Amino acid sequence: MSISLDIARDNRNAAPVMAAPAAPARPSLIGLGRDGLAAALSEIGVPERQRRMRCAQLWNWLYRAGATGFDGMSDIGKSLRAELAARFDIARPELVTEQVSLDGTRKWLLRFASREGSGPVEVETVYIPEHDRGTLCVSSQVGCTLNCRFCHTGTQKLVRNLTAGEIVAQILVARDRLGEWPGASRPTDAPLPDAERAITNVVLMGMGEPLYNFDNVKAAMLIASDGEGLSLSKRRITLSTAGVVPMIPRAGAEIGVMLAISLHAVRDDLRNELVPLNRKYPLDELLEACRNYPGLSNARRITFEYVMLDGVNDSLADAKELVRLLRGIPAKINLIPFNPWPGSPYDCSDWDTIERFAEVVNRAGYASPVRTPRGRDIMAACGQLKSESERVPARQRRAATEAVR
Ligand code: SAH
């Protein structure tokens, strides 16, 4: 059971996902780094000597104050504000629905405007409050190319990568809804963590494979972790990958966030089936890349995610092999009870099996490894995210555009 707030049903009907792409919107300033912002300012004629200061002001408004329009930017003169508003955009994506689970998990369906080459797209973002932390689960792509057999998102073809701005916008919307800007009030319909901030952690564990959208994910996470803006610590940002081996060293060196690996199997034959990407980057290569991940220590471990599939990967022999494989890598193991979705081809292991598996893992020195399923009632748990967005073939898109002319 869940509480569901359908915020924009009328709009939804008025603007179906397959609609013709609208006229290109003004470019967004959200998601630009400082250099990008400076370039945007130069485009509208802000003299070079002022750009640094203007950049700092904008940065502050966007990422510390949560501004959604230029009007309130009191330290920026009226004419420059008007110029900015005429050329650029800082609006939020459309919030289509907000669902609140009985356990306090929230799921937002966001719709991003058309971009060149695609109509509007929808993605899901999930917020999971715990007593001492609040974790925001962010999407990096609309749909996914990986086709992991147990994952619901995997049944949705890739529509497109999200831009850096669209990835950052998920954090901004979550802050809006959680009342996390200065002077805002927090919602009272579900418990929030007993921490100063509602969002203490970000995990790139929503829709998509972040390492197949590297540049945008990198730009977005550098903004999320910027000390003069959203200020999330890189140690509290976790990027989860199914194992795009060549990009793993770059993730460490250039983004510097924590790494999670969707392992799910300890033998290549089974992993080839569950995570088809394994055929390209088999286990030994993946584990080698993990061993070499920059900055690993006992305080900075890699998380290995392992979904518990009944009779598939949950034997005691699997548990022992898991522990053996990870020897020498500073690691945490996260056992994820399988979250079912309509038509899913697997069942979740029973609790006794999970506990016995966990015991082997515990005995090897890995603490409290079972991830409690959160938000299952609103299909917000791991691997349950999916949106209705579809890839529209270019021919069909052109025809739709012509039809509205
Ligand atoms: N593509 C990235 C990011 C997705 S993270 C990755 O694969 O890591 C989502 C996590 O949930 C992954 O570990 C994924 O394997 C896991 N997952 C997917 N479907 C699931 C399901 N039905 N039940 C439990 N976990 C699932």
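Which handedness does the crossing of helix 2 and helix 3 have? The crossing is right-handed, and since you have the model open, that pair of helices is a good place to begin. Keep in mind as you look around that this is a predicted model.

Helix 2 covers residues 34–43 and helix 3 covers residues 48–65. Their axes come within 9 Å of one another and cross at roughly 115°. To see what fills the contact, display the side of helix 2 that carries R34, L37, A38, L41 and S42; these residues meet R51, R54, C55, L58 and W59 of helix 3. Sorted by character, the residues of this contact divide into 6 nonpolar, 1 polar and 3 charged.

Now let us move along the chain to strand 10, residues 258–262. Here 5 of the 5 residues are buried, so the strand is largely enclosed by the rest of the structure. Colour the strand by side and you will find both faces covered: M258, A260 and S262 are buried on one side, and L259 and I261 are buried on the other.

What does strand 10 pair with? One partner is strand 9, residues 237–241, which runs parallel to strand 10 and is joined to it over 4 bridges. Within this pairing, L239 stands opposite L259 of strand 10. Another partner is strand 11, residues 302–308, again in the parallel sense, this time over 3 bridges. There, I261 of strand 10 stands opposite F304 of strand 11. So L259 and I261, both buried, each serve as a handy landmark for finding a neighbouring strand.

The link between strand 9 and strand 10 is worth tracing too. Helix 7, residues 248–255, belongs with these two strands to a right-handed β-α-β unit.

Just past strand 10 there is a backbone detail to inspect. H264 is found in the loop between strand 10 and helix 8 (268–274). Its phi is near 70°, a positive value in a residue other than glycine. Is H264 buried or exposed? With a relative accessible area of 5%, H264 counts as buried, because that value lies under the 20% cut-off.

A second residue with positive phi is N147, at about 60°, although N147 is not a glycine. N147 sits in the loop between strand 6 (141–142) and strand 7 (160–161). The surroundings of N147 can be read from its relative accessibility of 47%, which means that N147 counts as partly exposed.

Definitions and conventions: Residues are numbered from 1 along each chain as its sequence is written. This is a predicted model: local features need pLDDT of at least 70, side-chain atom pairs count only at pLDDT 80 or more; totals for chains, interfaces and linings use all residues. Side-chain values use heavy atoms; hydrogens and water are left out. Axes are lines fitted to C-alpha atoms, for helices over the stretch in contact, and angles run from 0 to 180 degrees between N-to-C directions. A crossing is left-handed if the near helix is turned anticlockwise from the far one by less than a right angle, and right-handed if clockwise. Contact means heavy atoms within 4.5 Å. Ala, Val, Leu, Ile, Met, Phe, Trp, Tyr, Cys and Pro count as nonpolar, Asp, Glu, Lys and Arg as charged, and the others, Gly among them, as polar. Buried means under 20% relative accessible area, exposed over 50%, partly exposed in between (1.4 Å probe, protein chains only). Two strands pair if DSSP finds at least two bridges between them. A crossover is right-handed if, with the strands pointing away from the viewer, the path from the first strand over the helix to the second runs clockwise.
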